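Colleague: I should like to go through this structure and ask, for each term applied to it, what justifies the term.

Modeller: Please put the questions in turn, and each value will be set against its criterion.

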Amino acid sequence: MASLRFMGNWSSNITASKRNISLLLDGSIAMDFGPHSIESLLEMRVDPCGIDTIFISHMHLDHYAGLPELLWYRAIHQCREPVHIVGPRGIGNNTKSLLELLHTPEAFEIFAEYHEEKYDNATGFVANHLIRDIGFRLEIGGKVLFYSGDTSYSENVSKGAEKADVLLHEMTYLDSDRQWADFWKHSTVSDALRVFSESGSKILVPVHLTSKTERYLNETMEKDSRIRVPQGHIEL
Ligand SMILES: [Zn+2]
């Protein structure tokens with residue numbers, strides 16, 4: 001059994017009271033870490049020093065910019081257990097450059113280890129986005145979870161999510177906005193459902209929402225018992 005909570009579930013088109021997509025598994029593993037995820041953790045009464053591993057699907061602001069916030073918090077609170085950061089190739093150098101650009105004080109001790117595209121029980125699958133995006137297949141508490149990050153329809157994601165217990169797939173656009181989905185390399189409702197069907201996953205949790213897709217999910221999709229809304233606490 002594993003538990004899944006949401007630090008945020010939103011796309012880059014941020015709006016009041018929403019936070020960017022970031023997941024918390026079993027209280028110690030994060031998948032993506034958008035801006036203000038640190039506040040979400042503190043509001044959930046989760047100790048940021050207890051975060052052991054963070055998977056970053058890709059290095060766009062809405063999935064990644066909360067990481068320096070977490071690393072600053074951990075330095076200020078003198079968390080000495082290293083946090084393992086798993087992401088696309090270059091994640092180590094990019095994060096170190098970011099910390100430098102943010103004038104991170106030299107006295108801050110940051111305990112982080114970087115891993116490219118795979119780690120322990122997780123396997124990365126390259127998705128199809130504007131920049132390199134890694135979808136992660138992860139085994140936790142005897143359950144298999146797949147998180148796509150940002151992607152247009154991708155056969156590789158379907159393969160990576162094969163027979164997963166839970167598929168977390170981005171759903172940024174309605175099918176009526178297909179031209180924007182293609183331009184920005186995101187998925188529509190149909191794309192997410194196609195991957196759900198092809199992969200044979202048991203449960204679909206659409207994420208990376210906008211006002212339009214959230215409304216569609218609440219009004220139409222949730223009637224299907226295999227589809228869950230990305231909020232609160234989901235026991236896997
Ligand atoms: Zn995004």
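**Terms and their grounds**

Modeller: Leaving aside neighbours within four places in sequence, proline 230 is in contact with Phe6, Asn9, Val205, Pro206 and Val207. The model is a predicted one.

Colleague: Where is proline 230 found, and why does proline 230 count as buried or exposed?

Modeller: Proline 230 lies in the loop between helix H8 (211-219) and S13. The cut-off for a buried residue is 20 or more other C-beta atoms within 10 Å. Proline 230 has 22 C-beta neighbours inside 10 Å, and therefore counts as buried. As for its distance from another loop position, the C-alpha atoms of proline 230 and glycine 141 are separated by 20 Å, with their places 89 residues apart along the chain.

Colleague: Why is serine 22 called buried or exposed, and which residues does serine 22 touch?

Modeller: Serine 22 belongs to strand S2. Its 29 C-beta neighbours inside 10 Å are set against a threshold of 20, so serine 22 counts as buried. Not counting residues up to four places away in sequence, serine 22 touches Met7, Gly8, Ala30, Asp32, Phe33, Gly34, Ser37, Ser40 and Gly66. One of these, glycine 8, is paired with serine 22 as its bridge partner in S2. Histidine 36 is 14 residues away from serine 22 along the chain, and their C-alpha atoms are separated by 9.8 Å.

Colleague: What makes S1 and S2 a pair of strands?

Modeller: The criterion is at least two bridges between the strands. Four bridges join S1 to strand S2 (residues 22-25), so the criterion is met, and the two run antiparallel. Strand S1 (residues 3-8) is also joined to strand S13 (residues 233-235) by three bridges, again in the antiparallel sense. Across that pairing, arginine 5 stands opposite histidine 233, and leucine 4 stands opposite isoleucine 234.

Colleague: In what order do the seven strands form an open sheet, and why are S6 and S13 said to stand at the edges?

Modeller: The order is S6-S5-S4-S3-S2-S1-S13, and the pairing is mixed. S6 and S13 each have a single partner strand, so one side of each is left without a neighbour in the sheet. On average, neighbouring strands of this sheet are turned by 20 degrees against each other, direction ignored.

Colleague: Which strands pair with S5 in the parallel sense?

Modeller: Strand S4 (residues 53-55) pairs with S5 over three bridges in the parallel sense, with phenylalanine 55 opposite valine 86. S5 and strand S6 (residues 112-116) are also parallel, over five bridges, and isoleucine 85 has tyrosine 114 in S6 as its bridge partner. From S5 the chain passes through helix H4 (residues 91-101) to S6, in a β-α-β crossover that is right-handed. Strand S5 (residues 83-87) is described as mostly covered, with four of its five residues buried.

Colleague: What is the strand order in the open sheet of six strands, and why do S7 and S12 stand at its edges?

Modeller: The order is S7-S8-S9-S10-S11-S12, with mixed pairing. Strand S7 (118-119) and strand S12 (203-207) each have a single partner strand, so each has one side without a neighbour in the sheet. Within this sheet, five bridges join strand S9 (residues 134-140) to strand S10 (residues 143-147) in the antiparallel sense. Arginine 137 stands opposite phenylalanine 146 there.

Colleague: Across which strands does H7 lie, and against what do the buried residues of H7 pack?

Modeller: Helix H7 (residues 189-199) lies across strand S11 (166-170) and S12, at about 155 degrees to S11. Its buried residues are Val189, Asp191, Ala192, Val195, Phe196 and Ser199. These pack against helix H5 (155-160), S11, S12 and H8. Glycine 200 follows H7 and has a positive phi, near 70 degrees.

Colleague: How do you know that the radius of gyration agrees with a compact globule?

Modeller: For 236 residues, a compact globule would have a radius of gyration near 18 Å; the protein has 17 Å, and therefore agrees. Of the 236 residues, 44% count as buried. Among contacts between residues at least 6 apart in sequence, 59% join residues at least 24 apart.

How values were computed: Residues numbered from 1 in each chain as written. Predicted model: local features only at pLDDT ≥ 70, side-chain atom pairs only at ≥ 80, totals over all residues. Contact = placed C-beta atoms within 7 Å. Axes fitted to C-alpha atoms, helices over the stretch in contact; angles between N-to-C directions. Buried ≥ 20, exposed ≤ 12 C-beta atoms within 10 Å, placed from the backbone. Right-handed = clockwise from strand over helix to strand, strands pointing away. Rg over C-alpha atoms; globule rule 2.2 N^0.38 Å.
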